[in-house]
Amino acid sequence: MNRQWQLARRPAAEPTIDDFKFATVDRPQLRAADDVLIRNRFLSLDPYMRWRMNDAKSYAPPVGLGEVMVGATVGEVVASNDGGFAPGDLVLAGGGWQDYAIVKAAALRKCDAAGVSPTAYLGVLGSPGFTAYAGLMKIGEPKPGETVVVGAATGGVGSLVVQLAKSAGCRVVAIAGGAEKCALAVERFGADAAVDHRDPQLAEKLAAACPNGIDVYFENIGGRVLDAVIPLLNPFARVPVCGLISQYNSAQPDTNETPLAKLMQDTLVKRLLVRGFIVTDYLAYRDEFLAEAAPKVRSGALVFMEDIVDGLEQAPGAFIGLLKGQNKGKLIIRID
């Protein structure tokens, strides 16, 4: 049998447990010549999933009501109709919130687990790590001596952005939620300074941490954090827009956010580059990223944190906590 979490209803604002349905169905069967049956072992939980719960036009179609929640997984091949994969192979797949999945061979990537945990392919060596690399290096283009500000700086994406920016010779200011995460950004990931986005004096403290302005802002948060960043952007600053987690649960737009007219005026006057991106836009650079990142992960030069929760049944609660900033590091479900 196959346990799975389905989307039961679309959240009006913050999701609740009742928006998900736990079901047990028959295990899927191989049919097409390129079908591969995967037994999911680890499931990645990521903020983008909240967007996919809405019935709205976006970069990817929404999850349908009654359909399995989407998500990246690391799993083991159980059976295969494709000669490129054999039972026992460890693979990165889009297996979703369930025990078993049929995945097309072309959508699978074998995991080289030598010297690293398989879960690294859901974080530092997976989509979050590659997102950090593509956004910072291909859009942000950091230069030695510049100031880079990183939103959600202790998460799976932000923590790697901090380290990549430091490796590029930049001064890095982290933005994180709470004193514990701010300390983590500095002490574990190497940021030069950190600012708590919950602080009522966020704007003043961010300005003090960036005396020479901001050259690259890696956007993960939006809302009042963006309000504080915009006045500090230097001419020709670059803003890779990776996520807007402060807005994902909003039923209505926040009227206190930076007016679009003001943002566009600054974009023109300061000649800013504000570029939204999805990691799949940069797949041509994935091998380049892995060639650079994998040896550093194995040697310990690139550090990461994982927040692993045991049990598929815990996925909705853990996901709701993720949207509230309760995780520390990359959030992963270890499926029973």
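**Helices and strands around H3**

The residues of helix H3 that are buried are Gly158, Ser159, Leu160, Val161, Val162, Gln163, Leu164 and Ala165. I should say at once, before going further, that what we have in front of us is a predicted model, and I will keep to what can be read from it. Since eight of the ten residues of H3 are buried, this helix is largely enclosed by the rest of the structure. What, then, do the buried residues of H3 pack against? They pack against helix H2, strand S8, strand S9, which covers 171-176, strand S11, which covers 214-218, and helix H8, which covers 286-299. Just after the helix comes Gly169, and its phi is positive, near 85°.

Let me take the first of those partners, H2. Helix H2, residues 127-140, packs with H3, residues 158-167, at an angle of about 45°, and their axes are 8 Å apart. That angle makes H2 oblique to H3, and the crossing in which H2 passes H3 is right-handed. If you would like to find the contact in the structure, look on the H2 side for Gly129, Ala132, Tyr133 and Leu136, which meet Leu160, Val161, Leu164 and Ala165 on the H3 side. Sorted by class, the residues of this contact are seven nonpolar and one polar, with no charged residue.

H2 also has a contact with H8, and here I would ask you to watch the angle. The axes of H2 and H8 come within 10 Å and cross at roughly 105°, which makes H2 roughly perpendicular to H8. From H2 the contact uses Gly129, Phe130, Tyr133 and Lys138, and from H8 it uses Arg286, Glu288, Phe289 and Glu292. In this contact of H2 with H8 there are three nonpolar residues, one polar residue and four charged residues. You may have noticed Gly129 and Tyr133 in the contact with H3, and Gly129 and Tyr133 are also named in the contact with H8.

Next, strand S8, which is another of the elements that the buried residues of H3 pack against. In a regular strand the side chains alternate between the two faces of the sheet. In S8 both faces are covered, with Thr147 and Val149 buried on one side and Val148 and Val150 buried on the other. S8 pairs with S9 in the parallel sense, over four bridges, and within that pairing Val149 stands opposite Val173 of S9. The loop between S8, residues 147-150, and H3 contains Ala152, a residue other than glycine whose phi is nevertheless positive, near 50°. Is Ala152 buried or exposed? Neither word quite fits, because its relative accessible area is 30%, and that makes Ala152 partly exposed.

A second positive phi in a residue that is not a glycine belongs to Phe236, where the value is about 70°. Phe236 is placed within strand S12, residues 233-241.

For contrast with the parallel pair, let us turn to some antiparallel strands. Strand S4, residues 73-80, and strand S5, residues 90-93, run antiparallel and are joined by four bridges, and one place to see this is Glu76, whose bridge partner in S5 is Leu90. S5 is also joined to strand S7, residues 109-110, again in the antiparallel sense, this time by two bridges, and there Val91 stands opposite Lys110 of S7.

Finally, helix H9. How many of the nine residues of H9, which spans 315-323, are buried? Eight are, so that the helix is mostly covered; they are Ala315, Pro316, Ala318, Phe319, Ile320, Gly321, Leu322 and Leu323. The elements against which these buried residues pack include strands S1, S2 and S3 and helix H1, together with strands S14 and S15. After H9 we meet Gly325, which has a positive phi near 80°.

In the loop between S14 and H9 lies Glu313, which is partly exposed, with a relative accessible area of 37%. If we set aside its neighbours within four places in sequence, Glu313 is in contact with Arg3, Trp5 and Asp336. Glu313 and Ile335 are 22 residues apart in sequence, and from C-alpha to C-alpha they are 8.5 Å apart in space.

Terms used
Residues numbered from 1 in each chain as written. Heavy atoms only, no water. Axes fitted to C-alpha atoms, helices over the stretch in contact; angles between N-to-C directions. Parallel < 35°, antiparallel > 145°, perpendicular 65-115°, else oblique. Left-handed = near helix turned anticlockwise from the far one by under 90°. Contact = heavy atoms within 4.5 Å. Nonpolar A, V, L, I, M, F, W, Y, C, P; charged D, E, K, R; others polar. Pairing = 2+ DSSP bridges. Buried < 20%, exposed > 50% of the residue type's maximum accessible area, 1.4 Å probe, protein only.
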